[in-house]
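Hi,

Here is the structure I said I'd pass on. Have a look at it first, and then read my notes below.

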Number of protein chains: 2
Amino acid sequence: MTIKDISGQIFKKKSFLCIGLDVDLDKIPKHLLKEDDPIFAFNKAIIDATHDLCVAYKPNTAFYEAHGVKGWMALEKTIKYLNEKYPNHFTIADAKRGDIGNTSERYAKAFFDTLGFDSVTVAPYMGADSVEPFLTFEGKYAILLALTSNQGAFDFQTKSVDDEALFLKIIETSKLWLNSDRLMYVVGATKSDQIGQIRRLLPDSFLLVPGIGAQGGQLEAVCREAMTPNVGLIVNSSRDILYASHDEDFSDAARHQAQKIQVQMAQFLVGLAGQ
Amino acid sequence: MTIKDISGQIFKKKSFLCIGLDVDLDKIPKHLLKEDDPIFAFNKAIIDATHDLCVAYKPNTAFYEAHGVKGWMALEKTIKYLNEKYPNHFTIADAKRGDIGNTSERYAKAFFDTLGFDSVTVAPYMGADSVEPFLTFEGKYAILLALTSNQGAFDFQTKSVDDEALFLKIIETSKLWLNSDRLMYVVGATKSDQIGQIRRLLPDSFLLVPGIGAQGGQLEAVCREAMTPNVGLIVNSSRDILYASHDEDFSDAARHQAQKIQVQMAQFLVGLAGQ
């Protein structure tokens with residue numbers, strides 16, 4: 001998938017929404033627990049109900065790994081279903097991987113080749129050779145953690161290194177890595193005052209913004225600070241959509257919630273060249 | 001498992017060796033590829049041949065995930081085999097996970113409850129709430145990336161924050177986290193001049209040292225700089241042991257290589273109180 005494809009889908013659907021498929025068996029409707037694979041059954045229903053309102057889906061691997069082999073099977077089925085039925089959606093493995101070079105190569109193989117995701121989130125702490133193996137795949141993207149939306153982001157990410165915040169240092173350094181045009185960046189929406197700084201460093205990159213909804217971010221501020229002529233934003237919502245209802249009407253409720261966000265997003269896209 | 005149990009095993013076996021189970025199907029003996037589960041068959045043979053020479057085993061999850069569900073099944077079988085047959089070995093999931101709090105909880109559940117590992121390696125970039133969920137399990141440990149053995153370690157880890165290197169800042173901060181007595185630390189053996197600094201900050205903690213062997217570290221320097229009366233070191237070797245031979249004699253060759261390291265280790269333990 002190319003950046004142009006992603007922007008094209010955004011303008012077509014008037015949406016830059018990503019839906020996070022963080023499936024919690026304690027929160028999904030009880031009747032699904034009788035299914036052979038409740039996680040996949042839930043994902044399939046959510047995807048079928050929301051696909052025209054969003055441009056991306058993002059399963060977080062932790063929610064699958066917690067169930068061992070069964071969870072990994074549900075993850076495989078979910079990405080296969082997406083790739084077969086909705087191949088125009090951008091798929092993100094929210095895995096936050098990163099290791100020494102020969103090991104990162106394996107992670108890249110796992111998520112791009114074996115599973116077939118378009119992108120994977122990657123942690124920066126181990127530096128260039130821990131990320132570059134993810135950037136060797138044509139049409140695939142590594143989404144580097146820059147500034148996250150949790151309280152712990154203030155522990156290290158915002159600390160000053162060479163007179164700038166660590167997250168800015170990481171972004172600047174990453175621009176020099178091999179195939180850095182295949183990098184996108186995770187930027188928490190709860191830090192909207194810093195998104196503008198990041199956008200000035202990265203005028204052309206896509207930013208993945210978690211934290212709309214349950215994490216308390218604000219869509220308007222994000223768009224004001226960081227939207228580009230090419231949009232340049234994929235904004236995620238997970239729990240507010242997935243668990244809009246805990247009953248049999250869960251997929252309708254999810255669609256309704258996704259539509260509320262999509263309608264807001266459409267307003268922010270008015271006037272961009274691609275419209 | 002307690003720290004005392006680990007030290008006890010080290011003194012009993014005169015070894016603080018950890019064997020990294022990073023299985024590469026391109027490197028294992030060809031005859032194993034006919035097995036139903038070549039990865040598990042290889043691990044089982046390596047474990048049976050080396051268990052009395054080491055105190056820990058460390059599968060790196062990337063090498064399993066690269067094979068999808070089959071890889072995850074091999075990982076489950078490997079840890080189950082270890083827990084049933086060799087319950088006195090300390091097991092490390094080298095997974096380098098870390099995410100926001102509710103997600104790290106899932107990873108902790110995946111590795112401690114579902115799989116049954118004693119410990120998991122964790123990345124520090126997202127701060128306190130990304131690590132603390134791993135520290136809520138009695139008898140389980142999170143092994144925090146401090147200073148890694150790869151070239152990329154110099155990109156960010158050694159940069160100066162508040163007049164000290166980022167990896168030292170992370171260590172100091174982590175000592176204040178809830179249940180920080182359940183933290184161990186990854187410290188690359190290729191950075192032996194910095195291991196002493198780390199030891200002074202962490203007089204009582206166990207350090208997991210990768211980088212002996214294929215990554216070029218030096219056992220003697222590590223012991224001189226960082227051994228404590230309680231040993232406080234688990235030193236890993238992967239490729240040099242696993243791939244000592246690519247033929248049918250691979251497990252004998254692995255044992256021979258592990259023994260070479262164990263004999264060296266025994267010398268460094270002479271004179272410690274536990275002996």
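Before the notes, one cut-off: I call two residues in contact if their C-beta atoms, placed from the backbone, lie within 7 Å. Also bear in mind that this is a predicted model.

**How the two chains meet**

By that cut-off, 49 residues of chain A are in contact with 49 residues of chain B. On the chain A side, the elements that each supply at least two residues are helix 3 (61-65), helix 4 (68-85), strand 3 (90-97), helix 5 (101-114), helix 6 (128-131), helix 7 (153-156), strand 6 (160-161) and helix 8 (166-174). Helix 5 of chain A gives the most, with 7 residues. Sorted by character, the chain A side comes to 21 nonpolar, 16 polar and 12 charged residues.

What about symmetry? A turn of 180° with a shift of 0.0 Å along the axis lays chain A on chain B with an RMSD of 0.0 Å. The two copies are therefore related as by a two-fold rotation axis. If you want to find that axis on screen, go to Val161(A): of the residues of chain A, its C-alpha comes closest, at 2.6 Å. The copies also meet through the same surface, because 100% of the interface residues of chain A are interface residues in chain B too.

**The barrels**

In chain A, 8 strands close into a barrel in the order 1-2-3-4-5-8-9-10, with parallel pairing. Neighbouring strands of this sheet are turned by 30° against each other on average, ignoring direction. As one example of the pairing, strand 5 (residues 141-147) and strand 8 (residues 183-187) of chain A run parallel and are joined by 5 bridges. Within that pair, Leu147(A) sits opposite Val187(A) of strand 8. Helix 12 (residues 250-269) of chain A lies across strand 1 (17-21) and strand 10 (233-237) of chain A, and runs at about 155° to strand 1.

Chain B has a closed barrel of 8 strands as well, running 1-2-3-4-5-8-9-10 with parallel pairing. There, 3 bridges join strand 1 (residues 17-21) to strand 10 (residues 233-237) of chain B, and Ile19(B) has Ser237(B) as its bridge partner in strand 10. Helix 10 (residues 219-226) of chain B packs on the sheet, where it touches strand 9 (207-209) and strand 10 of chain B. The direction of helix 10 makes about 165° with that of strand 10 of chain B.

**Helix 5 of chain B**

This one is worth a zoom. Helix 5 (residues 101-114) of chain B has 14 residues and reaches 18 Å from its first C-alpha to its last, close to the 20 Å expected at 1.5 Å a residue. Which of its residues are buried? They are Thr103(B), Ser104(B), Arg106(B), Tyr107(B), Ala108(B), Ala110(B), Phe111(B) and Phe112(B). Their cover includes helix 3 of chain A, along with strand 3 (90-97), strand 4 (119-122) and helix 6 (128-131) of chain B. After helix 5 of chain B comes Gly116(B), with a positive phi near 90°.

**Lys77(B)**

Last, a single residue: Lys77(B), in helix 4 (residues 68-85) of chain B. Is Lys77(B) buried, exposed or partly exposed? With 17 other C-beta atoms within 10 Å, Lys77(B) is partly exposed. Leaving aside residues up to four places away in sequence, Lys77(B) touches Asp37(B) and Phe40(B). The C-alpha atoms of Lys77(B) and Tyr107(B) are separated by 19 Å, with the two residues 30 apart along the chain.

Cheers

Definitions and conventions
Residues are numbered from 1 along each chain as its sequence is written. Chains are lettered from A and ligands numbered from 1 in the order in which they are written. This is a predicted model: local features need pLDDT of at least 70, side-chain atom pairs count only at pLDDT 80 or more; totals for chains, interfaces and linings use all residues. Copies are superposed by least squares on the C-alpha atoms of residues with pLDDT of at least 70 in both. Helices (H or I, at least four residues) and strands (E, at least two) are DSSP runs, numbered from the N terminus. Ala, Val, Leu, Ile, Met, Phe, Trp, Tyr, Cys and Pro count as nonpolar, Asp, Glu, Lys and Arg as charged, and the others, Gly among them, as polar. Two strands pair if DSSP finds at least two bridges between them. Axes are lines fitted to C-alpha atoms, for helices over the stretch in contact, and angles run from 0 to 180 degrees between N-to-C directions. The expected span of a helix is 1.5 Å times one less than its number of residues. A residue is buried if 20 or more other C-beta atoms lie within 10 Å of its own, exposed if 12 or fewer, and partly exposed in between; C-beta atoms are placed from the backbone.
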